Amino acid sequence: MDTGGSSESPIETKKGKSKTLRKTKDSVLKQKSPAEFFAENKNIAGFDNPGKSLYTTVRELVENALDSAEAISELPVVEVMIEEIGRSKFNSMIGLTDLDRVDAELYDDFETVKAREKRLAKEARNQEIQAKNAALGKKVKEPAAAKGIRGRGEASFYRVICKDNGRGMPHDDIPNMFGRVLSGTKYGLKQTRGKYGLGAKMALIWSKMSTGLPIEISSSMKGQNYFSFCRLDIDIHRNIPHIHLHEKRDNKERWHGAEIQVVIEGNWTTYRSKILHYMRQMAVITPYAQFLFKFVSDASDKNVTISFARRTDVMPPVPPETKYHPSAVDLLLIKRLIAETSKQNLLQFLQHEFVNLGKSYAERLIGEMGPDFSTKMPVKSLTSQQIVRIHQLFRQAKFDDPSGDCLSPAGEYNLRLGIIKELHPDMVATYSGSAQVFEGHPFIVEAGVSVGGKDVKQGLNIFRFANRIPLLFEQGADVVTRSALKRINWNSYKINQTQDKIGVFVSIVSTKIPFKGTGKEYIGDDIKEIASAVKTSIQQCCVQLKAKIVRKIQAREQQERKRNLSKYIPDATGAIYDVLQEMARSHAAKRKRYEGEDAELLKKVSVRSITKETLSEKLAQHVEQVDYEMALEYATHSGVKEEPREPIYIQSLEAEKQFIDFHCPIFVFRLFQ
């Protein structure tokens, strides 16, 4: 009995311990750093696959370069190079030697005997079919190249280099700016190009995941006699930079800006068109920037070099940071503003931390909050219940809409220049709407519509921009696409939606772009204020184009009338001259008398001072005069393209002189002092 009891007791104890341990292990709280979260959910930041990652890396670096140059009012010069790195070169970079395969069956591109027999049998059948077709005189198709299986070991690697002439970065800030996720200079309520504030940090995370190589940064600020060089990667789990080298070097050329170099896995073949399309659209929306793009490969036939020249030196102003609108805040944000404010009492807090809240209106709001509130009460002493009361009143009260002073759209002038520079259309119209509001955030919609041009497909070609960056993915669900396809009656504007080459450009700027989806690649169609503004902007452009198209049609009809009249001049001249001769004979025989100018004319016909050739010349001159007057009127309305050309001397963009710009939607008049 004792033995039986002692034998069962250890078993029960062991089982009990194992359950306790398992329960304890499962209930342990775990944390993830921001870097670890984005590494595991890289598709959120646009790093879905190697090809998309290459595109997103280029996009993030280019947009950072533009922001950096615009921040110091410097005309941007951005150079981008993508260098293809073969497997052998990549292995040498990381210190690996190429090895021959020992066990070929381990590899996913190994072809078994059965698969080889099947492939050879298929090739034999194809050759037999081609021989029969050739004998019958039928067209023989070229055999398709066999597609090999591409494994992970056959991944493609690329070195991406982006250089700019911006403000650069402070020496001590570089490690945290690249090696710490969710730390940067773009946070705050203002119009920004970024979507998450990740920038090059996500490119570094992807580099660490795909190649393990660090990122290299060279940077110098204006006036510095040195430039900073930093080589680093990121500690994913702790979200801190891991610095390999960080030093100051002699800046002999007095260069300022940044040069970023990162090696990542990518796919140029599938995303080549997207990257080039992105660069082209960026040149459209920023014609004041100069871009140089290069793709370098060991195969010279794959090399690409494209230069997008600067068209103007007129830059939009840098968008300033603004205050929150009362109707656009939540409880958490109100608490944060209270914690960060330097104001002492509630009245000062409402006046200075929110936009469009004057003293008198703030006093009325405080009076409406109840007896527990006063203008002089310390704002730091507000309880949670009182903060909820403030939030409820903010949601119910009426407030003036915020102005668009905090926004910096591209401008009609720049948008028009960009379209003309890249598409060379037959005609173009642009429109910039006034500032409007959705959910307490101001926004401005600009639009351009072009007809004709080079490298433009028939039908609608839609170009979408949000805060002056191109949107290339998920176009079908976007508010711009749906407005252009479903809400615009193109035929009413004399535009053929299917046969004409139509370019539709819509740029939306706001302190908050209402992106949809995790990738933030399109703007939803559910916000009626934005949808209405987009439709109105496109329609205004179409109205301008309709006037131009109607004048063009009238000019074409006038030319056709001129040709028809000129064709009948000989017959009309002969008939009129015969009638005049008959009248002259009747007048001379006194059968019918004519007086005044009629008699003088008939006398000239009799003495042959007016001949058939004279009448023909006069009719031709009349047709030419009418055509010239109408053509001149058309040229005056449609632009200088049809007018006589005159030499115009334009001051060089590099000349450092003082001047004043007078802005107009379609041109800028510069007065040099």
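Is Leu 671 buried, partly exposed or exposed? Leu 671 counts as partly exposed, at 40% relative accessibility. The legends below return to this residue and visit several other places in the chain. Please keep in mind that the model is predicted.

**View 1. The whole protein brings together 17 helices and 18 strands.**
Let us begin with the overall picture. The protein has 673 residues, and 42% of them count as buried. Its accessible surface comes to about 38,700 Å², with 51% of that belonging to carbon and sulfur atoms. Take the contacts between residues at least 6 apart in sequence: 73% of them join residues at least 24 apart.

**View 2. Leu 671 belongs to a nonpolar surface patch.**
Here we are back at the residue of the opening question. Leu 671 lies in strand β18 and shares the patch with Ile 660, Phe 662 and Phe 669. Together these four residues make a patch of about 370 Å². The elements giving two or more residues to the nonpolar patch are β17 (659-663) and β18 (668-672). Leu 671 can take part because its relative accessibility is 40%, and patch residues need over 30%.

**View 3. A positive patch on the surface is formed by four residues.**
Look for Lys 114, Lys 118, Lys 122 and Arg 125. One of them, Lys 122, lies in helix α5, which covers residues 113-135. A general point about helices helps here: an α-helix has 3.6 residues a turn, so residues three or four places apart point the same way.

**View 4. Helix α7 is mostly covered.**
Nine of the 11 residues of α7 are buried. Among them are Ala 200, Met 202, Leu 204, Ile 205 and Trp 206, and also Lys 201. Ser 207 sits in this helix too, which spans residues 200-210. With a relative accessible area of 0%, Ser 207 is buried. Leaving aside residues up to four places away in sequence, Ser 207 touches Gly 212, Leu 213, Val 262, Val 263 and Ile 264. Gly 212, one of these neighbours, comes just after α7 and takes a positive phi of about 80°.

**View 5. Ile 495 and Lys 494 share a loop between α14 and β14.**
The loop runs between α14 (479-487) and β14 (501-510). How do the two residues compare in cover? Ile 495 counts as buried, at 1% relative accessibility, whereas Lys 494 is partly exposed, with a relative accessible area of 47%. Not counting residues up to four places away in sequence, Ile 495 touches Trp 490, Asp 500, Ile 502, Leu 545 and Ile 549. Lys 546 is 51 residues from Ile 495 in sequence, yet their C-alpha atoms are 7.9 Å apart in space. As for Lys 494, its phi is near 65°, a positive value in a residue other than glycine.

**View 6. Arg 468 has a positive phi in a loop between two strands.**
Phi of Arg 468 is near 65°, and this residue is not a glycine. The loop lies between β12 (459-466) and β13 (469-471). Arg 468 counts as buried because its relative accessibility is 3%, and buried means under 20%.

**View 7. Glu 84 and Lys 302 form a salt bridge.**
The count for the protein comes to 25 salt bridges. In this one, the closest N and O atoms are 3.2 Å apart. The pair links distant parts of the chain, 218 residues apart: Glu 84 is in strand β1 (residues 77-85), and Lys 302 is in the loop between β7 (290-296) and β8 (304-308). Glu 84 counts as buried at 19% relative accessibility, whereas Lys 302 is partly exposed at 32%.

**View 8. Two further salt bridges join Asp 235 to Arg 238 and Arg 464 to Asp 478.**
The side chains of Asp 235 and Arg 238 meet at 3.0 Å, N to O. Asp 235 is partly exposed, with a relative accessible area of 22%, and Arg 238 is exposed, at 59%. In the other bridge, the closest N and O atoms of Arg 464 and Asp 478 are 3.0 Å apart. Arg 464 is in strand β12 and Asp 478 in the loop between β13 and α14, 14 residues apart. Both Arg 464 and Asp 478 are buried. Elsewhere, salt bridges that share partners join Arg 59, Glu 60, Glu 63 and Glu 521 into one network.

Notes
Residues are numbered from 1 along each chain as its sequence is written. This is a predicted model: local features need pLDDT of at least 70, side-chain atom pairs count only at pLDDT 80 or more; totals for chains, interfaces and linings use all residues. Side-chain values use heavy atoms; hydrogens and water are left out. Helices (H or I, at least four residues) and strands (E, at least two) are DSSP runs, numbered from the N terminus. Buried means under 20% relative accessible area, exposed over 50%, partly exposed in between (1.4 Å probe, protein chains only). Contact means heavy atoms within 4.5 Å. Accessible areas come from the Shrake-Rupley method with a 1.4 Å probe; for residues, only the protein chains shown count as cover. Patches are made of residues with over 30% relative accessible area and no salt bridge: like charges are joined within 9 Å, nonpolar side chains (Val, Leu, Ile, Met, Phe, Trp, Tyr) within 5 Å. Lys and Arg count as positive and Asp and Glu as negative; His and the chain ends are not counted. The place of a charge is taken as NZ of Lys, CZ of Arg, CG of Asp or CD of Glu.
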